[in-house]
Amino acid sequence: MATTLLIPALFATYQHWPFYQIVMNVEDVVKNMGTNENPNFRFKTTDEVEVIYSQKGINNLLQRVLDSRRLEPIRKFINDQPDAYINNLTVAIYGGDPQWIPLEARRSSLNETFEEDFFEQIINTFGIIKLNGDETLFVLDGQHRLKALRIAYEKNNEIGKNQISLTLITHIDTEEGKKRTRRLFSIINRYAKPVSLGENILLDEDDLSAILVRMFINEYPLFEGKELIALNKTADIQLPRDKSKFSSVIALWSINELLIDPKKVYPKYFGPKKNLVRVRPCDIVIEEYRTLIFEFWDLFFLCFPNAKAFVNNVDENLRNNGGPLSLRPVGQQIFCEYYTKMKSLNRLDEISIIKHIPDDISNEFWHNILYDPIGKRIVGSKSFIRDYIYYHLNLPLTENQSSSLLENYRKCQQNINVVLPDKIINQL
C-alpha cells in the first residue's frame, strides 16, 4: 500500500541534473512497506530494483556488487559509537508521481529589501517534495550505509528518530537514462578520494593508537619542535625523499597497535580485531598508555644510540649505504615485537642485550638476510628478520618459527645444506 510523505526540501539544478536536498528520519528511510518474507523497501539498493536488474546485460548493472563483509562494521559503528554520523546518501528517483510544492513567501513578512531575482530564487528553492510511495528510489552512493542502517534499526529502534540527509536525483527509465545514471554513479565513485590511513591517524579522535601517535610527535621530548615523521601511504619511509625523517605516521601507529590491548580500552567485541568499534577512552586510560608508549621509546633510544644521535642532529646521508636498522620502520616494528616478547618473559631488565645485534644493516651479519649489499636494498620478511634476532639472542621460538627460520636462511644463502651460524649470545 502506498504511503505518502511530505518532506521539506531544497530544489536546485546542476547542468542537466535537477536534484532535491532533503532530511528524513532513519525510520522512514529504512521503512519496509512489504513483509519480512516479501520486503518492499521505500529506499532500495540497485540489486533490489527489478527494473534495473530484469535484464542480465552489463548495461543494466548500475552498481558494484554489495560486499556484505562491510555491513557489520558499519552497523556496529551506528549502534555502538556515541558520536556516530551517517553521511549524505545520493538517491535516484523514478516512476510514481513525485510533486514539488514551492513555498509561498510574502515580501511583507521579510524585514529586508530584496532584488526581484533573489526573491524569485528564494521562492523556487524552498519547498516540499511529495512522495506517494509508488515511486522507486534506489541508492547511487551509500548502498552499504543503507543496508547497515536497516540492520542497526532492527537491533535498536531508537535510532529511527535520528535524521540523515539525502540527495534525490531524477532517473529516467530509458536506455539513454540508464547511461546517464551509470555515468553519474561512475563519476561519484571515481573521484571520491578516500581518506588515507595516515590522514586518518592524524585526525581520528576515537582510535587510541592514533591519539598516541599525535601525542608522541608533539610531546615526546626528543621530538618537540621537530618534523621527523613522514606521512606516507605505507609504513615505509621513501629514500632519498625521506632522508631527514626518523619514521612514518603509519609505522608509529602500527607499533601502538602492538602495545595496546584493545579488549581493555574499547567496548566489548567478539571475534577478530576488525569487529571492534573504536570509542575514545577516558583521559585516565589515555594518560596511562601515553606513559607506556613514552617508556617504550625511552628504552628504544637507550638500546639504539645511533637513532638518538640522528634525532638530535639529523644526518641526511646516514642511510645512503644501508645505515642503522633502528632508523628503518621495519627495525622499529621488530624492536616493538622484541619488547613485547621480553615483557612476556619478565626480562625487560635485560632488554639492552639487543645491542649485541649489529645496528648497521650493511654489516656482514645482515648480508642477504636483511640487506642486499649489491642492490643496496632491504630484503627478507619482517618475521624472518625478527626470528633471526631471537635466535641469536637465544630467545624461545616455536617449532614452526624454528623450521621457517632455517628454511629462509638456506634460501638466502642459496644452499640447502647450510646450517644456522653460531649464536651471537654464545660468543660473548
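**A colleague's note on this predicted model**

1. Let's start with the overall burial: 44% of the protein's 428 residues count as buried. Keep in mind as you read on that this is a predicted model.

2. On overall shape, the radius of gyration comes out at 30 Å, whereas a compact globule of 428 residues would have one near 22 Å. Measure the C-alpha trace along its principal axes and you get spans of about 90 × 55 × 40 Å. The exposed surface adds up to about 23,800 Å², and carbon and sulfur atoms supply 50% of that.

3. As for secondary structure, expect 15 helices and twelve strands. If you look at contacts with a separation of 6 or more, 68% of them come from residues 24 or more positions apart.

4. The sheet to look at is an open one of eight strands, with mixed pairing and the order 3-7-4-8-2-1-6-5. Its edges are strand 3 (43-44) and strand 5 (99-102), each of which pairs on one side only. In general, strands of a sheet pair through backbone hydrogen bonds, either parallel or antiparallel.

5. Within that topic, have a look at strand 1 (residues 5-14) and strand 2 (residues 17-25). They run antiparallel and are joined by six bridges. For one bridge you can find by eye, go to Ala 12, whose partner in strand 2 is Phe 19.

6. What lies across strand 1, strand 5 and strand 6 (126-131)? That's helix 4 (residues 116-125), and it runs at about 20° to strand 6.

7. Next, a residue worth clicking on: Ile 201, in helix 7 (residues 197-203). Is Ile 201 buried or exposed? It counts as buried, because its relative accessibility is 2%. Setting aside neighbours within four places in sequence, Ile 201 is in contact with Ala 210, Val 213, Arg 214, Val 249, Ile 250 and Trp 253. As for Leu 231, its C-alpha sits 9.8 Å from that of Ile 201, with the two positions 30 residues apart in sequence.

8. Finally, the cysteines. How many disulfides does a search of the whole structure find? Zero. A disulfide, remember, is a covalent bond between the sulfur atoms of two cysteines. Take Cys 303: the closest cysteine sulfur to its own belongs to Cys 336 and is 13 Å away, so the pair is too far apart for a bond; the cut-off here is 2.5 Å. Cys 303 counts as buried, at 3% relative accessibility, while Cys 412, at 23%, counts as partly exposed. The dividing value between those two classes is 20%.

Definitions and conventions:
Residues numbered from 1 in each chain as written. Predicted model: local features only at pLDDT ≥ 70, side-chain atom pairs only at ≥ 80, totals over all residues. Heavy atoms only, no water. Buried < 20%, exposed > 50% of the residue type's maximum accessible area, 1.4 Å probe, protein only. Pairing = 2+ DSSP bridges. Helix = DSSP H or I, 4+ residues; strand = E, 2+ residues; numbered from the N terminus. Contact = heavy atoms within 4.5 Å. Axes fitted to C-alpha atoms, helices over the stretch in contact; angles between N-to-C directions. Rg over C-alpha atoms; globule rule 2.2 N^0.38 Å. Areas by Shrake-Rupley, 256 points an atom, 1.4 Å probe, with all protein chains shown as cover.
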